[in-house]
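Reader: Hey, got a minute to walk me through this one? I'd like to talk about charges and packing.

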Amino acid sequence: MKKILKIIPLFILIIVSNRAYAQLDTLNYLKQFEANKAQYIGQPFSKLVSDMNQITPKTVWPTFEFNNKKNVEESMFKFCKKEHSFKNSIILRIVWYNEIPYSQIQYYQNKNQFYFTDEERLFYGSKIVKDIKVYRW
């Protein structure tokens, strides 16, 4: 029994360190796209997503300007489960060349609960990228 009590904290430490390493790995991978954003600015979002062949966003969240909630200028693509999206998550923030009417985005939010599905991949795929930012929030 004493051995088990000694092994459990070690096992938890291994799991936590693996998760932290995976996040760091994801952040470094996505930072490459931010560093090379000149290749993606003015291009459809589908080009960026297809080049990110090692990882796919799990969720997508619109951002609004304070005085304009009818249109979305930016979207945050997160690479963790929805329940972890608000704490220490890695974000690929895309600024769109043309604002997207929130009513269009709201349809997918209601249908898929913010998850980035194949439908969202098609919807956002034709939108033109204006800027790319990658960070941990």
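Author: Sure. This is a predicted model. Let's start in helix α4, where Arg-121 and Asp-118 sit three residues apart, so about one helical turn separates them.

Reader: How far apart are the closest N and O atoms of Arg-121 and Asp-118?

Author: They are 3.9 Å apart, and the two residues form a salt bridge. Arg-121 is partly exposed at 32% relative accessible area, while Asp-118 is exposed at 58%.

Reader: How many salt bridges turn up in the whole structure?

Author: Six. One of them joins the side chains of Lys-37 and Asp-131, at 2.9 Å from N to O. That pair links distant parts of the chain: Lys-37 lies in the loop between α1 and α2, and Asp-131 lies in strand β4, 94 residues away.

Reader: Back to α4. Is Glu-120 buried or exposed?

Author: Glu-120 is buried, and it has no salt bridge. The nearest side chain of opposite charge is Lys-111, 8.1 Å away. Lys-111 does have a salt bridge with Glu-119, at 2.5 Å from N to O.

Reader: And what does Glu-120 touch?

Author: Leaving out residues up to four places away in sequence, Glu-120 touches Val-60, Tyr-108, Asn-112, Tyr-115 and Gly-125.

Reader: New topic: which residues have the most contacts inside the largest nonpolar core?

Author: Phe-45 and Tyr-124, in a core of 28 residues. Strand β3 gives the largest share, five residues. Tyr-124 touches Phe-45 itself, and its other contacts beyond four places in sequence include Trp-96, Ile-100 and Phe-116.

Notes
Residues numbered from 1 in each chain as written. Predicted model: local features only at pLDDT ≥ 70, side-chain atom pairs only at ≥ 80, totals over all residues. Heavy atoms only, no water. Core = buried A, V, L, I, M, F, W, Y, C linked by side-chain atoms within 4.5 Å. Buried < 20%, exposed > 50% of the residue type's maximum accessible area, 1.4 Å probe, protein only. Helix = DSSP H or I, 4+ residues; strand = E, 2+ residues; numbered from the N terminus. Contact = heavy atoms within 4.5 Å. Lys, Arg positive; Asp, Glu negative; His and termini not counted. Salt bridge = Lys/Arg side-chain N within 4 Å of Asp/Glu carboxyl O.
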